[in-house]
Structures are given as C-alpha cells and as structure tokens.
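Good morning, and thank you for making time for this presentation. I shall go through the fold one part at a time, and I ask you to keep the structure in view as I speak.

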Amino acid sequence: MSIEVKGLSFSYGKREVLHDINLEIPDGTLVNVLGPNGVGKSTLFRCILGLNTHYQGHVIVNGKDMRTLSIKQRAREISYIPQSHAPVYDYEVLDVVLMSTGSDLGMLRSPGPRHVECAYAALERVGVAHLAHRTYTQISGGEQQLVLIARAIAQNARTIIMDEPTSALDYGNTVRVLSCVRQLAREGLSIVQSTHQPDQAFLYSDKTLVIYGGTVLAFGDPKDVITRELVSSIYGVDVEVNSLYGDKVRVCVPVKEIAR
C-alpha cells in the first residue's frame, strides 16, 4: 500500500477536525478527494505529510510510520504540491526543479550532474523541458503547475499529495495538468489530489474519496461514489448526475439553474 491511515483523529485545540479516518490507497493509484471547504481535506493532507504530528492514530506511507521519520526521510517517501505558490526570486525553471533533489545532499552541498540530469528528466516527463532556462515567474500559471509537478517527480518519492492543483488554471491548462497527473499514476506513482469538481473526479480518478464532517463519507470507484444524492448532500445543491459517452463521463447539472 502507498498510504495507510488508521484511526486518524486530529483537533485544533478543543475543535475536532478529523475523526477516526481509515483508508488504504494502493500503489499506482490516482485518488481525487471531494468535499466542501472546511471539512478537513487540507488537514488530512498535512497529517499524511507529517506537517501535523499531534494526531491520534497512524499514518503509514510506503510501509513507514511518518511520525517516526526525519524531514529528509519523509522527503524520500512523499512529495507535496500546495494549493498556492508565490515565488519570490527569479529562478530559472531548472533551478526550481533542482530544489527538490537535495534530500540526499549534506549541509551546504550543491547538486551535481546526476541531480541536473534528474531535473531535466522530470521536466521532459511532463512535457516542459523546453522551459528549463526560462524564468519561472515569467511563464504561465499552467506551465508553473507542470513545473511544480516536475519538481515533485524529481524528488523521487513514490507518493505525491496535491492540494487543488487546478484551482487557478484556465480550462486548457486544467486538462493538460490533469492528463499529466493521470499518466503519472499509470506509470506507477500514487497521487492524492483534492478538487471541488465532481466531474473531474469521475473523469480522471481511479478512486474517489469524500471527506465530510471530518470523516470518510465515501471511498471507492467513482461510478459508485459520485451520485446525485451524495453530491447534493455535501454541497447543498440539488443536482442531476448525467452519463455521457457510454458512462465514460458524468456531469453534474444544478437543477434549479436549468429551470430558470
């Protein structure tokens, strides 16, 4: 298993945010996480990553208890792409990717030819190697997101966590990023990403996880999870879930908007 979460509960002070979370994510699986704002998705990610450590229960990544690992050891198992990223300096794209290759370097040591080769390979893998010597702050939002995916790949971890990776992207870049992520899962990486779009979860994910009220409301095949009843209950919007192209695609339609 890539990720095993057992009896996970977490509180901010007296306010419990996660309660008795249990789930198993197999290797080479793309999981899309659904749920409205404030239900604990980002907190769950932080616990899995080892950024929140004061939780009850266990988080096992690639067979290792995350709470027992050092920061360098965690970096060898799991990488993270946050929802927002605000670059400060005008680094080249290649340098941005190289920043993730240092988990095997000592203090004050610089990346060598092997690390540069790894960074180039990661950029090539997501189709943006031609941007290697462009300034990161001067490429498009979609290109930046693909560079961050390349950086996660170059970290050489088997598992990637992505917090709403397409939230600020236009339609074309959204499709390109999600297509790239799905292909990486086909190649053996395990990827967990959150989204607010049930249609995306159905089209791209192998498994869909629904977090609601701080617990797992549903987890399984998107065809079983993404239903009219579930989408309406978690988002408070009356929808119809329509099937297209022989049920290869499902779309959620807000019923009241059609009636206007």
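Let me begin with a term: two strands are said to pair if DSSP finds at least two bridges between them. With that in mind, please find I3, whose bridge partner in strand 2 is I25. Strand 1, residues 3-12, and strand 2 are joined by seven bridges and run antiparallel.

Before going further, I should state that this is a predicted model. The mean pLDDT of the chain is 88, and 93% of the residues score at least 70. Of the elements in the chain, strand 3, residues 30-34, has the highest mean pLDDT, at 95, while helix 10, residues 255-259, has the lowest, at 80. As a general caution, where pLDDT is low, the predicted coordinates should not be read in detail.

I return to the sheet that contains strands 1 and 2. It is an open sheet of four strands, in the order 2-1-4-5, and the pairing is antiparallel. Which strands stand at its edges? They are strand 2, residues 15-25, and strand 5, residues 64-65; each has a single partner strand, so one side of each has no neighbour in the sheet. Helix 1, residues 41-49, lies across strand 1, strand 2 and strand 4, the last of these being residues 56-61. The direction of helix 1 is at about 120 degrees to strand 1.

I turn now to the other sheet. It is open as well, with six strands in the order 6-7-8-3-9-10 and mixed pairing. Strand 6 and strand 10, the latter at residues 215-220, are the edge strands; each has a single partner, so one side of each is left without a neighbour in the sheet. From one strand to the next, the twist averages 15 degrees.

Within this sheet, strand 3 deserves some attention. It pairs in the parallel sense with strand 8, residues 190-194, over four bridges, and V33 has S194 as its bridge partner there. Another four bridges join strand 3 to strand 9, residues 207-212, also in parallel; in strand 9, the partner of N32 is T208. Is strand 3 mostly covered or mostly uncovered? It is mostly covered, with five of its five residues buried. L30, N32 and L34 are buried on one side, and V31 and V33 are buried on the other.

Strand 7 and strand 8 are likewise parallel and joined by four bridges, with M162 opposite Q193 of strand 8. Helix 6 packs on the sheet, where it touches strand 3, strand 7 and strand 8, and its direction makes about 150 degrees with that of strand 8.

One residue of strand 7 to examine is T159. Its relative accessibility is 0%, so T159 counts as buried, the cut-off being under 20%. Leaving aside residues up to four places away in sequence, T159 touches S2, I3, V61, N62, E77, I78, S79 and S190. By contrast, the C-alpha atoms of T159 and Y136 are separated by 24 Å, the two residues being 23 apart along the chain.

Next, the interior. The largest nonpolar core has 36 residues, and those with the most contacts inside it are L123, V126, V147, I149 and I191. Helix 3 (93-98), helix 4 (113-125), helix 5 (141-154), strand 7 (159-162) and helix 6 (171-186) each give two or more residues to this core. Which element gives the largest share? That is helix 5, with eight residues. As for I191, its contacts beyond four places in sequence are T29, L30, V31, I160, M162, V181, L184 and A185. There is also a second, separate core of 27 residues, which includes V17, I25, L69 and L209.

I conclude with helix 5 itself. It has 14 residues and reaches 20 Å from its first C-alpha to its last, close to the 20 Å expected at 1.5 Å a residue. Helix 5 is mostly covered, with twelve of its 14 residues buried; among them are V147 and I149, and also Q144, Q145 and R151. The cover over these buried residues includes strand 6 (78-81), helix 3, helix 4, strand 7 and helix 6. After helix 5 comes N156, which has a positive phi, near 65 degrees.

Terms used
Residues are numbered from 1 along each chain as its sequence is written. This is a predicted model: local features need pLDDT of at least 70, side-chain atom pairs count only at pLDDT 80 or more; totals for chains, interfaces and linings use all residues. Side-chain values use heavy atoms; hydrogens and water are left out. A nonpolar core is a set of buried Ala, Val, Leu, Ile, Met, Phe, Trp, Tyr and Cys residues joined through side-chain atoms within 4.5 Å. Buried means under 20% relative accessible area, exposed over 50%, partly exposed in between (1.4 Å probe, protein chains only). Contact means heavy atoms within 4.5 Å. Axes are lines fitted to C-alpha atoms, for helices over the stretch in contact, and angles run from 0 to 180 degrees between N-to-C directions. pLDDT is the predictor's confidence in each residue, from 0 to 100. The expected span of a helix is 1.5 Å times one less than its number of residues.
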